[in-house]
Amino acid sequence: MAPASLHHTSSTVCVMDASGRLGSSIVERLLQRGYTVHAAVQHHDESQFSGLSCDDKKLKIFRSDPFDYQSIIHALKGCSGLFYTFEPPQDQPAYDEFMLEVEVRAAHNVLEACAQTETIDKVVFTSSVTAAVWRDDRKSMESDLDERHWSDVNFCRKFKLWHALSKTLAEKTAWALTMDRGVNMVSINAGLLMGTDVSISNPYLKGAAEMYEDGVFVTVDLKLLVDAHICVFEDISSYGRYLCFNHVVNRHEDALKLAQMLTPSAPTLPQSNDQDMRIIPQRISNKKLNQLMVDFECGSEVADALPPA
């Protein structure tokens with residue numbers, strides 16, 4: 001049964017970039033829920049969605065480059081919503097100053113295209129927890145970090161936290177444009193996405209030791225992250241930013257397990273003293289998202305509550 005708050009004018013939505021692990025998983029879940037999906041990818045591969053565990057008759061694949069404005073407009077045509085998640089170009093996978101410019105420009109182009117597409121009701125913008133946790137005053141703050149906080153761009157630049165800086169500036173660019181152009185947007189600020197492909201080279205991990213000591217090192221499972229995107233899209237009461245995570249790395253044991261997962265060839269370190277038994281107080285909250293998702297039915301279909309595409 002579809003949520004009572006679902007009110008989108010079309011059952012057609014766009015996922016951009018749909019080629020990554022998150023994007024392709026959102027595509028599959030949307031198809032399972034009865035949506036027609038425009039999967040926008042930078043590099044069209046016919047076999048990319050061949051392993052879907054659902055009917056792909058409602059799947060339409062578009063080649064879309066975030067720097068080709070007309071290709072974005074083409075992919076969005078007839079859609080009531082956009083799920084936007086940035087995927088670094090294949091020839092530039094590392095986060096640096098160049099990637100910062102790329103991600104910010106891509107966010108601007110995509111949101112500008114949404115503003116020009118009359119059928120778009122809502123945009124779900126994937127950002128990161130790293131756009132909220134890096135601040136000079138983070139150790140002296142009395143309240144927990146949540147969606148009201150932003151990473152300080154000067155702090156990020158000073159310590160070359162390029163992933164955090166890119167996510168912060170791209171999200172701020174998107175918010176500025178949506179407010180100026182009247183686009184309805186919500187953001188999902190995700191923790192480190194876990195899975196077999198997570199590695200020590202993941203740019204989210206720059207400053208991991210500091211995040212751990214501050215009690216703000218958080219991870220998220222793919223299923224929850226996908227459900228969170230769909231929940232905030234379908235619920236008309238959703239607004240603003242949502243921190244999304246379901247595990248806090250705040251024990252020495254947790255940190256060791258994660259380190260072994262990230263660097264499986266490294267020798268296992270022994271656990272020894274009382275210092276290893278301490279639990280670092282959690283200093284970050286996802287209460288806003290948890291409250292929204294209480295009644296979310298991740299397995300329900302919505303096609304019967306929507307008009308034909």
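Start by selecting Thr178, which is buried at a relative accessible area of 2%; buried means under 20% relative accessible area, exposed means over 50%, and partly exposed is in between, with a 1.4 Å probe and protein chains only. Thr178 sits in helix H6. Here helices (H or I, at least four residues) and strands (E, at least two) are DSSP runs, numbered from the N terminus. Show its surroundings next: leaving out residues up to four places away in sequence, Thr178 touches Leu111, Val183 and Met185, where contact means heavy atoms within 4.5 Å.

A word on what you are viewing: this is a predicted model, in which local features need pLDDT of at least 70 and side-chain atom pairs count only at pLDDT 80 or more, while totals for chains, interfaces and linings use all residues. Residues are numbered from 1 along each chain as its sequence is written, and side-chain values use heavy atoms, with hydrogens and water left out.

Now zoom out to the whole protein chain. You will find 10 helices and 10 strands. Of its 309 residues, 54% count as buried. Among contacts between residues at least 6 apart in sequence, 74% join residues at least 24 apart.

Next, select H6 (residues 162-181) together with H3. Their axes are 9 Å apart and the packing angle is about 20°; axes are lines fitted to C-alpha atoms, for helices over the stretch in contact, and angles run from 0 to 180 degrees between N-to-C directions. That makes H3 roughly parallel to H6, because angles under 35 degrees count as roughly parallel, over 145 as roughly antiparallel, 65 to 115 as roughly perpendicular and the rest as oblique. H3 passes H6 in a right-handed crossing: the near helix is turned clockwise from the far one by less than a right angle, whereas anticlockwise would be left-handed. To light up the contact, pick residues including Leu100, Val104 and Leu111 of H3 and Leu169, Thr173 and Thr178 of H6. The contact residues of this pair divide into 12 nonpolar, 4 polar and 5 charged; Ala, Val, Leu, Ile, Met, Phe, Trp, Tyr, Cys and Pro count as nonpolar, Asp, Glu, Lys and Arg as charged, and the others, Gly among them, as polar.

Keep H3 on screen and add helix H2 (residues 69-76). The axes of H2 and H3 come within 9 Å and cross at roughly 50°, which makes H2 oblique to H3. This crossing is right-handed. Select Tyr69, Ile72, Ile73 and Leu76 of H2 with Asn109, Val110, Glu112, Ala113 and Cys114 of H3 to see the contact.

Which residues touch the most other members of the largest nonpolar core? They are Met16, Leu82, Leu111, Phe217 and Ile284, in a core of 62 residues. A nonpolar core is a set of buried Ala, Val, Leu, Ile, Met, Phe, Trp, Tyr and Cys residues joined through side-chain atoms within 4.5 Å. Helix H3 (residues 97-115) gives the most to the 62-residue core, with 10 residues. A second, separate core of 34 residues includes Val13, Ile26, Leu30 and Val37.

For the last stop, go to His149, in the loop between helix H4 (130-133) and helix H5 (153-158). Is His149 buried or exposed? At 11% relative accessibility, His149 counts as buried. Select Ala131 as well: its C-alpha atom is 8.4 Å from that of His149, although the two are 18 residues apart along the chain. Beyond residues up to four places away in sequence, the contacts of His149 include Arg135, Asp144 and Arg241.
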